[in-house]
Amino acid sequence: MDEKVLIAKRVALELKHGDLVNLGIGLPTQVAAYLPEDIEVFFQSENGVVGMLALPEEGLEAEDLTDAGGRPIGALPGAATFDSAMSFGLIRGGHLDLTVLGGLQVDAHGRLANWMVPGRMVPGMGGAMDLVSGAKRVVVAMTHTQKGEPKIVRECTLPLTSTRPVSLIVTELAVIAPSPRGLELRERAPGVSVEAIVSATGAELIVPETVPEMPIGW
Amino acid sequence: MRKTIKLADAVAQIPDGATLMIGGFMGVGTPPRLIDETVRQGKRDLTVIANDTARPGAGIGKLIDAKLVARLVVSHIGTNPETQRQMLAGDLAVELSPQGTLIERIRAGGYGLGGVLTQTGLGTVVEEGKQTVEVDGRRFLLEKPLRADFAYICARQADYYGNLTFTLTARNFNPVMAMAADIVIAEPQSIVPTGVIPPDAVMTPAVLVKHLISKERRDG
């Protein structure tokens with residue numbers, strides 16, 4: 001299985017019926033494709049819509065209905081649109097159940113860095129800082145390493161997105177939950193050993209006696 | 001009460017060095033004719049407050065391409081390599097503000113508030129040089145209000161008085177910016193007789209709008 005598909009499938013299991021969810025640009029966007037059929041969620045796009053549908057039917061793209069990346073989207077029955085103040089009120093005000101974001105680094109305190117690489121890439125934080133500070137749960141969906149280097153590290157060397165710890169990290173190797181005690185290894189990807197996860201991780205992991213495989217059988 | 005003005009006359013009021021708020025998100029909800037006319041008239045040293053600079057050749061990106069902007073207050077420039085190039089070359093000063101903070105700073109400017117208290121950005125580089133305030137044991141970052149000399153607003157419809165409606169995700173920063181500038185210039189896709197927009201459907205009341213850009217009459 002493609003590693004991004006695997007990550008998206010595992011993250012999709014975190015979505016609960018009735019949730020309001022914001023998916024970041026890139027890998028997190030793929031999560032919508034693997035939503036279990038028996039649950040209904042509302043996806044928010046921070047440019048001002050709740051109830052977005054990933055793709056409109058061909059020929060029905062509306063230039064005034066786009067996602068946060070500027071790509072055309074659709075809207076489900078029951079969708080609502082609003083201005084940016086309300087959109088970020090939903091995010092900061094405790095109304096957003098879950099956000100899924102990409103990551104450059106996560107450290108042993110569960111702190112995420114995902115918005116700039118000094119001297120190389122300064123895109124700006126967009127809505128990421130508000131999302132990490134305000135969503136009820138923050139799930140980081142990212143590859144475990146970048147060019148062989150661990151992205152889960154003791155202390156972030158890149159500028160932080162927020163000091164608030166994220167709720168869960170999902171990679172192609174593992175599911176890891178930050179806690180006050182440290183980073184707890186919760187699940188491993190099918191066929192991946194605990195040793196392989198530990199050696200690809202740049203921070204200490206709390207490893208329980210048994211680490212179940214991710215429950216993704218398809 | 002007629003508020004319509006010719007495109008060129010509306011833009012001609014703007015002096016070099018002015019501060020402009022411009023609605024839109026990745027070009028969606030950015031008034032296209034006002035942008036093109038600003039480029040045509042070659043306004044210089046502008047300060048632009050907006051969510052982003054879209055892409056080269058699109059939306060606010062056209063002002064960047066023409067090197068008309070000296071200072072930017074935005075949340076995101078990642079989609080426009082030309083903005084990044086001018087910033088790194090020292091030709092363009094960029095203040096990055098988290099998007100939810102940016103819109104609230106504009107709202108505070110338009111609603112007569114002294115600032116925004118938010119936890120977004122605490123403990124990050126966004127906090128540098130800023131005051132923090134403790135309220136009931138919780139720490140907040142004090143973010144200051146933003147105002148502008150002019151706002152460029154992109155509306156779906158206006159009536160003759162200047163009441164505005166917006167559509168879908170093209171609303172974004174527009175109605176908030178319409179509160180926060182001394183002179184609000186709206187470019188509606190269509191101007192309809194007063195009464196067509198019911199009072200409950202008005203998203204920006206006409207009292208905020210100084211000028212409506214008139215349609216170009218097509219001959220023949």
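# A guided tour, starting at Met21(B)

Select Met21(B) first and display the residues around it: leaving aside neighbours within four places in sequence, Met21(B) is in contact with Ile49(B), Ala50(B), Ile106(B), Ala148(B), Ala151(B), Met177(B), Ala180(B) and Ala181(B). Please keep in mind, here and at every later stop, that this is a predicted model. Met21(B) is a useful place to begin, for the largest nonpolar core has 114 residues, and Met21(B) and Ala151(B) are those with the most contacts inside it. If you now colour strand β9(B), you will have picked out the element that gives the most to this core, with eight residues.

Next, select residues 32–41 of chain B, which form helix α2, and within this helix mark Leu34(B), Ile35(B), Glu37(B) and Thr38(B), which are buried. Turn the view until you look down the axis of α2(B): its buried residues fall within an arc of 165°, and so they line one face of the helix. To see what these buried residues pack against, add α1 (7–12), α3 (61–65), β9 (148–159), β11 (181–192) and β12 (211–213) of chain B to the selection. Before leaving this helix, look at Gly42(B), which follows α2(B) and has a positive phi, near 65°.

The next stop is strand β8 of chain B, residues 138–143, where you should select Leu141(B). Is Leu141(B) buried or exposed? Leu141(B) is buried, because 22 other C-beta atoms lie within 10 Å, and a count of 20 or more is what burial requires here. Not counting residues up to four places away in sequence, Leu141(B) touches Thr118(B), Gln119(B), Gly121(B), Leu122(B), Glu127(B), Lys130(B) and Thr132(B). Then draw a distance from the C-alpha atom of Leu141(B) to that of Gln157(B), and you will find that these two atoms are separated by 38 Å, although the residues are 16 apart along the chain.

Now show both chains and turn to the place where they touch, a contact that takes 35 residues from chain B and 31 residues from chain A. On the side of chain B that touches chain A, the elements that give two or more residues are α5 (99–111) and α6 (174–177) of chain B, and the largest share, five residues, comes from α5(B). Colouring this side of chain B by class gives 16 nonpolar, 16 polar and three charged residues.

Finally, display chain A alone, which has four helices and 15 strands. Along its principal axes the C-alpha trace of chain A spans about 50 × 40 × 30 Å, and its radius of gyration, 17 Å, agrees with the value near 17 Å that a compact globule of 218 residues would have. Of the 218 residues of chain A, 45% count as buried, and, among the contacts with a separation of 6 or more, 64% join residues 24 or more positions apart.

Within chain A, select the ten strands that form an open sheet of mixed pairing, in the order β4-β3-β2-β1-β5-β8-β12-β13-β14-β15. At the edges stand β4 (74–81) and β15 (205–206) of chain A, each with a single partner strand, so one side of each is left without a neighbour in the sheet. For a closer look at one pairing, pick strand β1 (residues 20–23) and strand β2 (residues 42–45) of chain A, which pair in the parallel sense over three bridges. The tour ends at Asn22(A), whose bridge partner in β2(A) is Gln44(A).

Methods:
Residues numbered from 1 in each chain as written. Chains lettered and ligands numbered in written order. Predicted model: local features only at pLDDT ≥ 70, side-chain atom pairs only at ≥ 80, totals over all residues. Rg over C-alpha atoms; globule rule 2.2 N^0.38 Å. Buried ≥ 20, exposed ≤ 12 C-beta atoms within 10 Å, placed from the backbone. Contact = placed C-beta atoms within 7 Å. Nonpolar A, V, L, I, M, F, W, Y, C, P; charged D, E, K, R; others polar. Arc of directions from axis to C-beta. Core = buried A, V, L, I, M, F, W, Y, C linked by C-beta atoms within 7 Å. Pairing = 2+ DSSP bridges.
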